[in-house]
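Visitor: Could you walk me through this model and show me how to read its features?
Guide: Gladly. Let us look at it together.

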Amino acid sequence: MLLHMRTKNKYILGLLTALTLPALQPVWAAGPPAPSVFSNPLALTFIILMTLLLVIIGILANILIGAADVKLRKRKKAGKQATLASVITVLLLLAAPVLYAQDPAATDAVKSGPATIAGMSSSTFYIMATVLFLELFIIIALLINIKFLLRTEKEKIAAETETPEERANKLSWWDRFNSLRPVTEEASLDLGHDYDGIRELNNRLPPWWLYGFYACIIFAGIYLWRFHVSHTGPSSKQEYERSVASAELKIQEYLKQKGDAVDETNVTILKEDADIAAGKAVFLKSCAACHTETGGGNIGPNLTDDYWIHGNDIKIMFKTIRYGINAMPSWQSQYSNKQIAQVASYIKVKLHGTNPPNPKAPQGTLMKEEAAPAAPAAPAADSAAQTKKVAMN
Amino acid sequence: MQVEKFYYDNKIVKAFGLATVIFGIVGMLAGLWAAIQIYYPAISLNFPPTTFGRIRPLHTNAIIFAFVGNASFAGIYYSLQRLCKARLFSDKLSWIHFWGWQAIIASAAITLLLGITTGKEYAELEWPIDIAITLIWVVFGINMFGTILKRRERHLYVAIWFYIATWVTVALLHIVNSIEIPVSFLKSYSWYAGVQDALVQWWYGHNAVAFFLTTPVLGLMYYFLPKASGRPVYSYRLSIIHFWALIFIYIWAGPHHLLYTSLPDWAQSLGTVFSIMLIAPSWGGMLNGLFTLRGAWDKVREDPVLKFMVVAITCYGMSTLEGPILSLKSVNFISHFTDWTIAHVHIGGLGWNGFLAFAILYYMIPRMWGTQLYSKKLATNHFWLGTIGIILYAVPMYWAGFEQASMWKQFTPEGQLKFQFLETVTNIVPMYVARSIGGLLYLTGALMMVYNLYRTMVAGKFIPDEAAEAPALVKEAHKKEYWHRVIERKPVTMLVLSLILVSIGGLVQMIPTFLVKENIPTITSVKPYTPLELQGRDIYIREGCYTCHSQMVRPFRDEVARYGEYSKAGEFVYDHPFQWGSKRTGPDLARIGGKYPDSWHYTHMYDPRLTQQLSIMPRYVWIIRNNLDTTSTPAKIRAMKTLGVPYPDGYDQVANRDLMHQADSIAANLKKDKIETAPTKEIVALIAYLQRVGRDIKLEPKPLAENK
């Protein structure tokens with residue numbers, strides 16, 4: 001029948017191929033086709049596979065069109081055009097994901113940067129994988145369509161040979177999966193109950209349901225055994241301790257690599273513009289609520305005058321911000337040491353010494369700049385405990 | 001055999017049906033209002049009764065007890081008469097039940113809006129209303145059992161098994177959870193404290209879902225689905241197994257609401273494993289529903305009643321699978337306290353309960369008015385609008401839940417929390433907007449139903465007493481029957497068996513938690529609240545702070561970093577009731593004590609946007625203006641003393657002196673920060689309470705092991 005293909009169908013085939021082609025474009029667009037791509041064995045395999053699948057798509061599309069053609073002729077009278085239109089629609093729908101596919105592929109390319117996968121750039125890899133995936137998807141869709149077209153033929157033949165009863169007794173895989181009996185056998189399952197006209201059948205329990213129930217009960221036994229008898233599963237507390245310990249390790253490793261180990265023992269005033277700007281951002285975000293944007297103080301003390309409650313040395317200020325003291329909250333879980341140093345520097349360099357409107361009355365002791373830092377207030381018990389914990393960082 | 005003529009009472013069904021519609025709309029409106037407040041705080045109108053903390057309990061109570069409750073009563077009274085071939089036992093009891101229940105709803109609405117609440121989720125109503133509920137529930141029980149006993153049908157149909165289990169279990173849950181000591185006419189304290197209160201509360205809360213929102217509705221499904229589809233029930237065997245397994249297992253699963261909390265690990269694990277074992281019994285109901293439609297799917301295409309039922313049953317299946325999955329610790333780790341839970345309950349609420357209620361209304365009303373539904377098309381549109389509404393509600397909430405949980409848990413490589421709490425909230429505000437649109441669509445659909453049903457009623461003529469006939473039940477010589485058929489002949493046996501089965505789970509979990517001391521290790525530094533703090537705590541409860549703020553730091557790295565040391569069981573021994581909460585729309589408050597200065601709290605209550613520009617918390621101006629009622633202090637101290645809180649003898653008489661002393665010092669402290677307030681204001685008490693929460697444990701001497 002392929003030989004009798006009409007020009008219209010050829011047109012459809014052409015359309016299909018044309019629509020599939022854009023899927024390949026990203027591969028070409030992904031950059032100059034560097035010779036390295038073609039020397040990579042995986043890339044070559046991919047390209048061969050892509051071509052192969054494309055051929056399969058072409059063949060399947062031909063079969064589909066042929067099948068559709070047969071159907072079409074059989075329905076000469078009844079809406080020939082409509083069928084053709086629906087075939088075109090199906091094909092367009094099949095092709096649509098291919099068109100969209102360009103976007104995710106492109107995004108992948110942007111995100112993945114210079115990383116490589118199996119010797120090719122990750123963007124190439126993902127694009128090729130996407131194309132392969134889409135081709136497989138199209139093949140499956142074509143197969144389903146072909147099956148549908150052929151099945152209607154088979155059913156017609158079956159309808160001529162099968163009695164209606166035989167048809168009703170046929171069980172689909174779904175029926176068998178659920179141990180369902182044919183509807184015609186319903187009478188044998190009827191228990192004869194009648195409640196206001198409601199009858200009850202006595203179907204078997206769906207096997208997957210029953211075994212699922214058993215499996216859940218076994219799961220329950222194992223779960224309880226694991227967590228409360230053999231104790232191979234961690235308790236909530238152990239889980240917590242493990243997560244903190246592993247995080248600590250990671251942090252230490254990171255800081256070691258980065259060589260960034262500022263803390264209250266070695267912090268100095270940062271004068272770089274970038275640091276001051278970063279400090280200002282932190283100040284406006286988290287400190288201004290209590291100390292006001294100008295630093296004049298409201299809920300918290302005035303930071304612009306020369307009176308300090310806990311001391312004005314950068315190291316002491318760092319500590320006050322980091323661990324908190326009395327009403328001052330601790331910020332160590334919100335901000336890194338670097339950021340704390342920045343905000344402390346911002347206060348010292350930019351805010352201190354300004355004369356904001358409506359300031360809060362002085363609190364604490366008078367401390368001139370460059371004066372020897374006064375002894376800080378005795379740290380609270382819990383803040384001492386925190387010091388110990390954080391000192392490990 | 002003598003055929004007897006009798007009449008079904010449709011009037012009571014009509015009354016409950018209309019109440020369902022009215023309170024359904026009210027409950028949904030309250031929900032929509034609450035949803036909008038989350039992204040538009042000003043809509044609280046700065047008026048205490050319309051603030052989120054009071055509207056939210058109104059929403060939940062209205063939907064559960066008024067909407068679903070009335071729908072269940074309507075459906076039960078409609079189906080029970082027809083399944084028993086008998087008129088309801090007593091018209092008088094029916095009407096006492098109806099008016100009693102509506103009076104409870106009305107008083108619930110008023111008291112909740114006035115801030116009169118016990119502070120226990122879904123059990124917020126105060127003790128006089130609790131007693132009224134108990135009495136009306138007994139009336140309902142007598143009426144139901146009376147009808148069953150004078151039935152003309154020998155065996156009880158599966159729907160009635162579910163009604164019986166519902167009645168007995170709700171009675172048990174309500175009574176045990178509502179044990180409280182009255183302080184005054186409208187104020188009481190829960191008998192239980194802290195961990196024990198939490199266990200009892202979630203045993204109740206979880207099983208309110210099970211036995212108020214699930215079993216009666218399953219019963220309705222078993223009646224209305226075969227009736228509407230004209231198909232036989234798929235499997236009697238499945239009915240038996242899933243019914244008994246469901247009621248036995250459900251009751252154990254309560255602690256899955258308390259995973260990773262201070263509840264002992266063994267109880268948490270029981271909650272997890274019984275939730276997993278619950279999947280199959282729950283799905284038994286879904287399968288029996290969906291397979292009943294076998295051979296009738298063409299009808300589903302035509303009939304809006306069946307459409308609603310199919311989606312309802314599917315949602316039931318989805319949420320009863322999701323529930324157990326959420327009970328796994330690794331999933332709960334992400335989902336709990338986020339909007340994931342909100343999405344989950346609304347699949348159940350909007351999908352299962354709402355759609356099934358709509359289905360039975362569309363089924364019953366045309367029949368009771370002897371006519372056809374005014375417009376099938378309108379009902380189908382309602383169906384689609386509702387379905388889209390559910391999706392538009394749930395998807396953003398799932399997304400919000402995932403996203404917020406992941407933001408909470410992110411750290412920078414240096415080990416700092418990556419996001420402040422507020423950032424995780426403002427980030428999901430668009431999702432809150434989307435979900436309120438979903439809710440609006442759902443509500444619009446419900447309004448379409450109101451119009452449709454109204455036109456149906458106008459077109460038809462109400463049949464107050466529907467004639468029926470059936471032969472009288474004659475005593476029959478004992479014959480050999482399938483064992484379960486024997487039970488089905490004996491309603492009282494069934495009642496007793498159900499009671500025994502549902503009691504087991506609760507007893508096994510509660511007795512050790514109450515009696516074994518190791519479950520709640522004592523922390524010596526934890527002391528009772530001062531009188532001022534106690535008063536402040538009652539303001540916290542009154543304003544429904546627990547609807548948005550948890551008080552439970554779980555043992556997670558991120559929570560300890562964000563809030564402080566994780567919560568211990570011994571910290572809550574004086575918390576009558578516990579205030580752990582179930583949702584964190586705002587940050588956890590378990591360690592709020594001492595975190596901010598008094599003046600911060602004052603400013604924050606006056607207008608949260610002064611301290612946090614993007615905060616979505618409502619303003620609480622009235623707490624700053626109102627004077628604290630100190631006349632209640634002695635009674636409160638006495639009640640607490642009765643509950644075992646160790647105040648010295650005769651302390652109730654001098655408590656107010658201590659209260660004023662503490663209030664003066666807070667007022668003086670505020671004055672230092674340029675805030676002038678009289679020490680007699682409510683805000684002072686609230687600050688006292690907030691500054692106390694979670695502090696006692698820090699005073700505990702450190703054990704040697706930690707000092708090395």
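## Reading the contacts and folds of chain B

Guide: Let us begin with the two domains: 43 residues of domain 1 of chain B are in contact with 48 residues of domain 2 of chain B. Keep in mind throughout that this is a predicted model.

Visitor: Which elements of domain 1 of chain B each supply at least two residues to the side that touches domain 2 of chain B?
Guide: They are H1, helix H2 (52–84), strand E2 (180–184), strand E3 (187–190), helix H6 (194–211), helix H15 (376–409) and helix H16 (421–426) of chain B. H2(B) gives the most to this side of domain 1, with five residues. By type, the residues on this side of domain 1 divide into 20 nonpolar, 17 polar and six charged.

Visitor: And where do the domains run along chain B?
Guide: The assignment gives domain 1 as 3–466 + 496–509, and domain 2 as 531–707. The centres of these two domains of chain B, taken over C-alpha atoms, are 33 Å apart.

Visitor: How many residues does each chain bring to the contact between chain B and chain A?
Guide: Chain B brings 51 residues and chain A brings 45 residues. On the chain B side, the elements giving two or more residues are H2, helix H7 (215–229), H8, helix H9 (265–277), H10, helix H21 (557–563) and helix H22 (598–606). Of these, H9(B) gives the most, with seven residues. The residues of the side of chain B that touches chain A divide into 26 nonpolar, 13 polar and twelve charged.

Visitor: H8 and H10 are both on that list. How should I read a pair of packed helices?
Guide: Two packed helices are described by the angle between their axes and the distance between the axes. Here, helix H8 (residues 236–250) and helix H10 (residues 279–292) of chain B pack at an angle of about 145 degrees, and their axes are 8 Å apart. The crossing of H8(B) past H10(B) is left-handed.

Visitor: Which residues of H8(B) and H10(B) meet?
Guide: From H8(B) come Leu238(B), Ser239(B), Ile241(B), His242(B), Ala245(B), Leu246(B) and Ile249(B). They meet Pro281(B), Ser282(B), Gly284(B), Gly285(B), Leu287(B) and Asn288(B) in H10(B). The residues of this contact between H8(B) and H10(B) divide into seven nonpolar, six polar and no charged.

Visitor: Now the strands, please. What is the general idea?
Guide: In a regular strand the side chains alternate between the two faces of the sheet. In this model, strand E1 (residues 3–9) of chain B and E4(B) pair in the antiparallel sense over seven bridges. One of the pairs to find is Glu4(B), whose bridge partner in E4(B) is Ala470(B).

Visitor: Is strand E4 of chain B largely buried or largely in the open?
Guide: Strand E4 (residues 465–471) of chain B lies largely in the open, because the number buried among its seven residues is zero.

Visitor: How are E2(B) and E3(B) joined?
Guide: A hairpin joins E2(B) to E3(B) through two residues. These strands pair in the antiparallel sense over four bridges, and Ser184(B) stands opposite Lys187(B) in E3(B).

Visitor: How do I judge whether a single residue, such as Thr20(B), is buried or exposed?
Guide: Count the C-beta neighbours around the residue: 20 or more within 10 Å make it buried. Thr20(B), in helix H1 (residues 11–39) of chain B, counts as buried because it has 24 such neighbours inside 10 Å. Leaving out residues up to four places away in sequence, Thr20(B) touches Phe67(B), Asn70(B), Ala71(B), Ala74(B), Ala357(B) and Leu361(B). The C-alpha atoms of Thr20(B) and Ala357(B) are separated by 8.3 Å, although these residues are 337 residues apart along the chain.

Visitor: What should I look for in the backbone angles?
Guide: Start with phi. Tyr122(B) has phi near 65 degrees, a positive value in a residue other than glycine. Tyr122(B) sits in the loop between helix H3 (91–113) and helix H4 (127–149) of chain B, and it counts as buried, with 20 C-beta neighbours inside 10 Å.
Guide: Lys674(B) likewise has a positive phi, near 65 degrees. Its place is the loop between helix H26 (651–672) and helix H27 (682–692) of chain B. Lys674(B) is partly exposed, with 13 other C-beta atoms within 10 Å.

Visitor: And which residues does a cis peptide bond join?
Guide: His576(B) and Pro577(B), with omega about -10 degrees. Pro577(B) lies in the loop between H21 and H22 of chain B.

Note on methods. Residues are numbered from 1 along each chain as its sequence is written. Chains are lettered from A and ligands numbered from 1 in the order in which they are written. This is a predicted model: local features need pLDDT of at least 70, side-chain atom pairs count only at pLDDT 80 or more; totals for chains, interfaces and linings use all residues. Axes are lines fitted to C-alpha atoms, for helices over the stretch in contact, and angles run from 0 to 180 degrees between N-to-C directions. A crossing is left-handed if the near helix is turned anticlockwise from the far one by less than a right angle, and right-handed if clockwise. Two residues are in contact if their C-beta atoms, placed from the backbone, lie within 7 Å. Ala, Val, Leu, Ile, Met, Phe, Trp, Tyr, Cys and Pro count as nonpolar, Asp, Glu, Lys and Arg as charged, and the others, Gly among them, as polar. A residue is buried if 20 or more other C-beta atoms lie within 10 Å of its own, exposed if 12 or fewer, and partly exposed in between; C-beta atoms are placed from the backbone. Domain bounds come from an automatic or database domain assignment. Two strands pair if DSSP finds at least two bridges between them.
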